[in-house]
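Work through the exercises below with the sequence and the 3D view side by side. Each task is followed by a solution in steps.

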Amino acid sequence: MLKVNNISTYYGKVQALHNVSFEIKDEEIVSIIGANGAGKSTLMRSIMGLVQPKEGEIVFKDEEITNLKTNKIVERGIVYVPEGREVFPALSVEDNLEMGAFSKKYSQRILSNKIEEMYDIFPRLKERKKQLAGTLSGGEQQMLAIARGLMSSPELIMFDEPSLGLAPVIVDDMFEVIVSINRQQHIPIVLVEQNAFEALRISSRCYVLENGEVRMHGLSDELMKSPEVKSAYLGG
Amino acid sequence: MSIVRVTKEVVFLYKIILQLLVSGIAMGFVYGLVGIEYTLIWNSTGLLNFSHERIIMLGAYIFAGSFVLQTGLSVLPAIVATIIAIIFFAVFVAYTIFIPLRNMSALCAIMSTVMLGNIINESVRLYYGPEAITVKGFLTGMIRIGTLVVARAYVVIIFVALIILALLLLFMMKTKTGKAMRCVAQNKNASSLMGIDVQKNMMITIAISFSICSIIGLLVIPLYSVKQSMASMISLKGFAAGVIGGFGSLPGAIVGGLFIGIIENIAGMIFPSTFKDVVAFVCLILMLLLRPSGILGKKRIS
Ligand SMILES: Nc1ncnc2c1ncn2[C@@H]1O[C@H](COP(=O)(O)OP(=O)(O)OP(=O)(O)O)[C@@H](O)[C@H]1O
Ligand SMILES: [Mg+2]
């Protein structure tokens, strides 16, 4: 589905990614773990064209998308739910959802159906549909960001630290939602997480990033048992 | 002293106040439109368009100099042609100056829009000549509303301003592009992740802003005639209107504009009329001291 071949990305003169390769296949959940500053978000941003990798190529459904503009990449069907939610604070919940479908030419009817679908997954959003997104709680904003991402019926969705700043109870719900999106809508998911245990638990494969390089990758079950991963990311 | 005479004086005073109110509201809308025109660009690109005074003036010159005098179009087609010409100009300037500029230092960006203004100013002088142009009969004369007699220009200004505001509101709240414009103003990163072409959206915003500039230029022709300095006062007061109303807020710009327009006209009754222009700027400084966030300004949700 998506293949990243040996990309290197720079911020000015600082190199943030070194020769990173990464792949996700149909219907997979792949997780990416790593410490702060390891380059996880930079990898996502490189895929989305928010930063341009200097070397390497990115291929989506057998077509190269390396130097496309972000909006074109979104039109191809990749959605990125960024770190820190980034909802539109001065737009209502419902308008935020509507903007999630910007890349699609939905009729009014399909649009409302789609929004109702989101309200079924997140009933909390329905109660607050007229409320400005900036006044939602952190957890509600995260729900909104996820729902907004689903609005365009993406072919691939990438979540960047969806559990950040959420209460433990809500974190569990969040992962459950992510798994059900994958199972029910058959959307492949890239999951960037600090919460390595949960990430490994729900993903089939995992990449470990360190200092902008892929340190390890493999089946999540196996990585879970690896002494290196255990000591560095699972707290012993 | 007869009661009749007193009543007559009261009625006379009342009429004067009404007239001042009408001209105050009209000028208020002019300042408000200026406030809106630069706020649109500020919200979208983060740039202060210091060339807006020249764009207002350019609109008036294209209309009067090129389309009415040279081409001999009648008023309505000339207005349409002017707006189209300005939109082409806006698209060009957007892609060559405004969009590349927004990632540069603030100082660099400010200087460039100031320079753009100077280029327009000099080009206009070279092309149209230094003399003022008048458009005979354009928005001149008086209109009688009941017992009130007011300049036709003021009535047209109020009417056109209301139409522009209504259209802008509809556009921004109801259309996909308009909603995208609000998104771009709030978060560019997230906007592009929705699939919005942020640069194109900025270009559209700049085109709308420049169109409003050109319409302002047309509306004030009967007040200042077509000359290079025609927009200097209104662009400055329009800027003040935006600050007084709450920087970055579109409704704020209108409220601020009306506030200045009405105050300065009423003040003109009390102080000598030469003090009129001072009033707007005294208001601005008082506002900055007392309520820096402006009338409608609030801490922006981030
Ligand atoms: N806009 C930027 N300009 C300069 N350097 C940046 C920029 N964004 C990120 N970096 C640097 O690139 C490196 C990788 O950052 P990145 O955000 O990808 O890390 P991350 O793995 O997502 O970390 P976190 O878990 O904290 O989100 C860091 O050293 C960071 O300081
Ligand atoms: Mg990150």
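Two strands count as paired if DSSP finds at least two bridges between them. The model used here is a predicted one.

**Exercise 1. Find which residue of β5(A) is the bridge partner of A:Phe60, and describe the hairpin of β4(A) and β5(A).**

Step 1. Start with the two strands: β4(A) and β5(A) run antiparallel and are joined by 2 bridges. At least two bridges are needed for a pair, so these strands qualify.

Step 2. Locate A:Phe60 in the sequence; its bridge partner in β5(A) is A:Glu63.

Step 3. Look at the turn. The hairpin has 2 residues between its strands, and A:Lys61 takes a positive phi near 50°.

**Exercise 2. Set out the order of the strands in the open sheet that contains β1(A), and say which strands lie at its edges.**

Step 1. Begin with β1(A), residues 2-11, which is joined to β2(A) by 7 bridges in antiparallel fashion. Within this pair, A:Tyr10 stands opposite A:Gln15, and A:Tyr11 has A:Val14 as its bridge partner.

Step 2. Follow the chain through the turn. β1(A) and β2(A) make a hairpin with 2 residues between them, where A:Gly12 has a positive phi of about 60°.

Step 3. Turn to the other neighbour of β1(A). Antiparallel pairing over 5 bridges links β1(A) to β4(A); in β4(A), A:Glu57 is the bridge partner of A:Asn5.

Step 4. Put the pairs together. The 4 strands have the order β2-β1-β4-β5 in chain A, with antiparallel pairing. The edge strands are β2 (14-24) and β5 (63-64) of chain A, each of which pairs on one side only.

**Exercise 3. Describe the open sheet of 6 strands in chain A.**

Step 1. Read the strands across the sheet: the order is β6-β7-β8-β3-β9-β10 in chain A, and the pairing is mixed.

Step 2. Identify the edges, which are β6 (78-81) and β10 (213-219) of chain A.

Step 3. Consider the angle between neighbours. With direction ignored, neighbouring strands of this sheet are turned by 15° against each other on average.

Step 4. Examine one pair. β3(A), residues 29-34, and β9(A), residues 205-210, pair in the parallel sense over 5 bridges. A:Gly34 stands opposite A:Leu209 in β9(A).

**Exercise 4. State which strands helix α1 of chain A lies across.**

Step 1. Take the strands of the sheet in Exercise 2. Helix α1(A), residues 40-47, lies across β1, β2 and β4 of chain A and runs at about 110° to β1(A).

Step 2. Take the strands of the sheet in Exercise 3. Helix α1(A) also lies across β3, β6, β7, β8 and β9 of chain A, running at about 135° to β3(A).

Step 3. Add another helix. Helix α6(A), residues 138-150, packs on the sheet and touches β6 and β7 of chain A; its direction makes about 175° with that of β6(A).

**Exercise 5. Describe the contact between chain A and chain B, and explain why the pair A:Lys69 and B:Asp197 joins two chains.**

Step 1. Count the residues: 27 of chain A are in contact with 17 of chain B.

Step 2. Take the area. About 2100 Å² is buried between the two chains, and carbon and sulfur atoms give 62% of this. A:Phe88, A:Met99 and A:Phe102 supply 29% of the area that chain A buries against chain B, more than any other three residues.

Step 3. Look for charged pairs. Across this interface there are 2 salt bridges. In one of them, the side chains of A:Lys69 and B:Asp197 meet at 3.0 Å, N to O.

Step 4. Sort the side of chain A that touches chain B: its residues divide into 13 nonpolar, 5 polar and 9 charged.

Step 5. Widen the search. The whole structure has 18 salt bridges over all chains. A:Lys69 lies in the loop between β5 and α2 of chain A, and B:Asp197 in the loop between α7 and α8 of chain B, so this pair joins two chains.

Note on methods
Residues are numbered from 1 along each chain as its sequence is written. Chains are lettered from A and ligands numbered from 1 in the order in which they are written. This is a predicted model: local features need pLDDT of at least 70, side-chain atom pairs count only at pLDDT 80 or more; totals for chains, interfaces and linings use all residues. Side-chain values use heavy atoms; hydrogens and water are left out. Contact means heavy atoms within 4.5 Å. Axes are lines fitted to C-alpha atoms, for helices over the stretch in contact, and angles run from 0 to 180 degrees between N-to-C directions. Buried area is the accessible area (1.4 Å probe) that two parts lose on being put together, summed over both. A salt bridge is a side-chain nitrogen of Lys or Arg within 4 Å of a carboxyl oxygen of Asp or Glu. Ala, Val, Leu, Ile, Met, Phe, Trp, Tyr, Cys and Pro count as nonpolar, Asp, Glu, Lys and Arg as charged, and the others, Gly among them, as polar.
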